[in-house]
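Hi everyone, thanks for coming. Let me put today's protein up on the screen, and then we can walk through it together.

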Amino acid sequence: MKNAEDTSRREVTAEVLSIGDELLIGQTVNTNAAWIGEQLSLIGIRPVRTRVIGDDRQAILEALATSVADAVLITGGLGPTKDDITKHTLCTYFGTHLERRSDVEERIVGLFLSMGRRLEDIQEVNRAQADLPKGCTVLPNTRGTASGMWFERDGRVFLSMPGVPYEMKGILMDNGLRMLQERFAPPAIVHRTVLTAGLGESLLAQRIEAWEDSLGPLGIKLAYLPSPGVVKLRLSTYANQDAGEASGRVDRKAEELYGLIPELIFGEGDASLERSVGAMLRAKGQTLALAESCTGGYLSHLITSIPGSSAYFIGGVVSYANAVKMEELGIPSRMLELNGAVSKPVAEQMAMGVREALKSDWALATTGIAGPDGGTPEKPVGTVWIAVAGPNGVESKLGSFPGSRELVIERASRSALNLLRRCLNTM
């Protein structure tokens with residue numbers, strides 16, 4: 001490894017090359033590039049381009065030749081089959097050849113033996129994964145057979161890794177990110193991410209416009225990171241000299257948000273609405289039950305995805321049919337006839353009914369039209385009523401959630417969690 005140059009405090013850039021026909025035709029979603037970009041930004045390296053390339057030798061060579069970033073991170077094409085051509089193409093690009101690495105072969109054999117395979121059953125195609133370009137630095141893969149490969153040319157780094165996400169992540173987390181930091185010594189970067197719910201990106205931007213304008217003179221950048229039902233606000237700045245001073249600048253501006261939009265903030269970092277709501281219920285020693293119609297159990301999935309949720313989540317009723325609403329939740333047939341299943345009275349009665357049936361402190365209910373069919377001019381697709389029943393009564397909210405059926409369900413579920421969070425905050 002080379003020492004960082006004297007000019008290494010400048011901005012360091014990176015490019016991600018994702019190789020695989022399956023990525024181009026949509027058979028596999030390219031989650032690797034997004035994850036790599038996030039990890040690079042956290043260590044002060046700025047991603048400037050991502051490209052997806054098929055399993056084609058000439059296309060790979062052209063991509064390598066036209067890359068301009070300080071670090072080029074390559075994923076894919078390192079498997080044991082004939083269509084995996086990345087190693088051979090890298091040999092061409094760097095003017096080298098493959099050689100068998102005995103230490104890597106021993107590790108591969110040990111991996112198969114640990115899986116119960118007999119020595120005589122380990123095929124040459126698997127051993128050939130130890131054939132690596134002469135002159136590259138090998139980054140061990142503790143989760144598979146395809147090693148990472150580190151090359152340097154003209155002051156730039158090329159790091160090739162397998163496309164299997166957990167293998168690629170292991171190589172980067174075990175060694176790759178550290179080696180990039182040592183090689184380039186990028187300026188330290190300070191991040192703080194504040195999580196909001198209850199207001200869309202554009203309306204949120206209007207609400208905090210003056211505050212956002214004050215960030216520029218302080219050298220702080222703001223990124224809006226929206227997802228269904230949630231908008232993340234990520235504050236970032238470089239700490240070229242004093243990391244403590246940079247952290248202080250970011251912290252002061254982040255704390256100002258709590259005075260501007262306190263009702264919208266539910267956490268920071270990698271928190272989630274379901275985790276935040278669960279923590280609040282646990283802290284209060286209270287329980288939750290669910291009555292779901294249009295969300296079809298997705299709310300229950302979110303709640304139970306949190307380890308330890310059995311401490312506060314009792315259970316739920318997926319009352320998709322009106323008969324279940326009447327029999328299990330006590331909805332009067334007359335109420336359904338007068339108002340329809342997607343209505344304020346029915347949502348509130350669903351919440352009160354499941355709270356009584358399961359003897360919980362809190363209950364959350366959803367009823368709506370997820371689509372793509374079933375909408376009317378009065379109640380279009382995306383119309384969802386949400387209700388929370390608790391110790392102080394019941395509160396309901398009408399939501400209109402655009403998008404596909406899946407997005408309607410996800411947005412409605414997170415909106416329901418946010419309504420419950422706000423009710424819990426008022427106690």
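**A strand and its neighbours**

Let's start with one pair of residues: the bridge partner of L288 in strand 15 is W362. Please keep in mind that we are looking at a predicted model.

That pair belongs to a longer match. Strand 13 and strand 15, which covers residues 362–368, run parallel and are joined by five bridges.

Now, which strand pairs with strand 13 in the parallel sense over five bridges, besides the one we just met? That is strand 14, residues 313–318. Here you can look for A289, whose bridge partner in strand 14 is G315. To get from strand 13 to strand 14, the chain passes through helix 12, residues 298–304, and this β-α-β crossover is right-handed.

So is strand 13 buried or exposed? Five of its five residues, 288–292, are buried, so the strand is largely enclosed by the rest of the structure. Here's a handy idea for reading such a strand: in a regular strand, side chains alternate between the two faces of the sheet. In strand 13, L288, L290 and E292 lie on one side, while A289 and A291 lie on the other. These residues are all buried, and both faces of the strand are covered.

For a contrast, let's visit E106. You'll find E106 in helix 5, which spans residues 102–114. The relative accessibility of E106 is 60%, and the cut-off for exposed is over 50%, so E106 counts as exposed. If you'd like a sense of distance, take E106 and F184: they are 78 residues apart along the chain, and their C-alpha atoms are separated by 32 Å.

Let's zoom out to the whole protein. How many helices and strands are there? The protein has 16 helices and 17 strands. Its C-alpha atoms fill a box of roughly 80 × 60 × 45 Å along the principal axes. Of the 427 residues, 49% are buried.

The contacts tell us about the fold as well. If we take contacts between residues at least 6 apart in sequence, 69% of them join residues at least 24 apart.

Finally, the surface and the charges. The accessible surface comes to about 19,800 Å², and carbon and sulfur atoms account for 52% of that. There are 45 positive and 51 negative charges, and the mean positions of the two sets are 2 Å apart.

That's my tour, and thanks for listening!

Definitions and conventions
Residues are numbered from 1 along each chain as its sequence is written. This is a predicted model: local features need pLDDT of at least 70, side-chain atom pairs count only at pLDDT 80 or more; totals for chains, interfaces and linings use all residues. Side-chain values use heavy atoms; hydrogens and water are left out. Helices (H or I, at least four residues) and strands (E, at least two) are DSSP runs, numbered from the N terminus. Buried means under 20% relative accessible area, exposed over 50%, partly exposed in between (1.4 Å probe, protein chains only). Contact means heavy atoms within 4.5 Å. Accessible areas come from the Shrake-Rupley method with a 1.4 Å probe; for residues, only the protein chains shown count as cover. Lys and Arg count as positive and Asp and Glu as negative; His and the chain ends are not counted. The place of a charge is taken as NZ of Lys, CZ of Arg, CG of Asp or CD of Glu. Two strands pair if DSSP finds at least two bridges between them. A crossover is right-handed if, with the strands pointing away from the viewer, the path from the first strand over the helix to the second runs clockwise.
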